[in-house]
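Here's a quick tour of the charged pairs in this chain, plus a look at how two of its helices are covered. Have the viewer open as you go.

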Amino acid sequence: MSAGAHITDLWMPHLVPPLTAGADVCPICHAHRAPDFDECWTCGQTASIAGAVHRIIPIMLWDTGTPAGNLMHAYKQENSPRFIELREILSRWLRIHLVCLSPEPDARLTLVTHVPSKRASDRPHPLGLVLQHIVAAGGYQSVLIPGPGAGRIGRNRPDPEGFALAPGAWVADQRIVLVDDTFTTGATLQSAAHALTAAGGHVAAAVVVGRKVNWRGHDPAEEVWRRAQRQPFDWDRCCASLPGCVVSTDLGFHLDEPPF
């Protein structure tokens, strides 16, 4: 067994799988939604921005105080144990489910990029460092920077000027997988999707390592969370596909073997 497989197997008991879309599960973010609405209230707000991505695939659900929640808060120091664990979780999932991310069987995915911080920094984004370990050279690029509206992005409030293309970046006609570490309301992710779409790119899907659940004080949302907790985590299953996805052989890039 490889070191990466060993790490991710140890994490399986702590990973809560998102549920597939249904009468009380949002088809966009896979959290609770009221049965009388097409999506959850949060996605009704954030996915209304032009260029929003409606194919969002969380790898897991998490809550404050859980092992997964601690991982999401602590992974940002490069080569720390939590950084390596998150890297291996994302790597294992992508190797199985990249084929799920293309909206059409013959549509080649050509670019992986991440949602950047809303604050300008000279330091690489931790999620970008993770993706550099996973995706071969040329397949991953950091193409977005904070825009003039970054400070206006808030809870349930995306901004069309929140992000802009980095100098020299080119995304026109690219089929893009947009990756974010955590999803709470989607305002930041959808602002990034808007920027990519406005620049001529096509965001085929967004992958979110962890979808933060907000269930306290709301019985129907708690029921969805508890139902998800009762489901065993299975690497071969994702919330957007049938079981047993296979790795695509027709991508515009390939995945590297991460170093151990």
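D24, E223 and R227 join up in a salt-bridge network, and that's a handy place to start. Keep in mind that this is a predicted model. Counted over the structure, there are eleven salt bridges, and a few of them are picked out below.

**The D24–R227 link**
- Within the network, the side chains of D24 and R227 form a salt bridge, with N to O at 3.0 Å.
- This one connects distant parts of the chain, as the two residues are 203 apart.
- D24 sits in the loop between α1 (3–11) and α2 (41–46), while R227 belongs to helix α7 (residues 219–229).
- R227 comes out at 22% relative accessibility; buried means under 20%, so R227 counts as partly exposed.

**The K76–D181 link**
- K76 pairs up with D181 in another salt bridge, where the closest N and O atoms are 3.9 Å apart.
- Because K76 is in the loop between α3 (67–74) and α4 (81–101) and D181 is in strand β5 (residues 175–183), the bridge ties together parts 105 residues apart in sequence.
- On the K76 side, relative accessibility is 47%, so K76 is classed as partly exposed.
- D181 has a relative accessibility of just 9%, so D181 is classed as buried.

**A pair inside one helix**
- R82 and E85 also make a salt bridge, with their side chains meeting at 2.5 Å, N to O.
- Both residues are in helix α4, and they're three residues apart, or about one turn of the helix.
- R82 is at 32% relative accessibility, so R82 is partly exposed.
- E85 is at 14% relative accessibility, so E85 lands in the buried class.

**How α1 and α5 are covered**
- In α1, the buried residues are G4, I7, T8 and W11.
- Looking down the axis of α1, these residues fall within an arc of 90°, so they line one face of the helix.
- How much of helix α5 (residues 126–134) is covered? Mostly covered is the verdict for α5, with eight of its nine residues buried.
- The buried set in α5 takes in P126, L127, G128, L129, V130, L131, H133 and I134.

Methods
Residues are numbered from 1 along each chain as its sequence is written. This is a predicted model: local features need pLDDT of at least 70, side-chain atom pairs count only at pLDDT 80 or more; totals for chains, interfaces and linings use all residues. Side-chain values use heavy atoms; hydrogens and water are left out. A salt bridge is a side-chain nitrogen of Lys or Arg within 4 Å of a carboxyl oxygen of Asp or Glu. Helices (H or I, at least four residues) and strands (E, at least two) are DSSP runs, numbered from the N terminus. Buried means under 20% relative accessible area, exposed over 50%, partly exposed in between (1.4 Å probe, protein chains only). The arc is that of the directions from the helix axis to the C-beta atoms.
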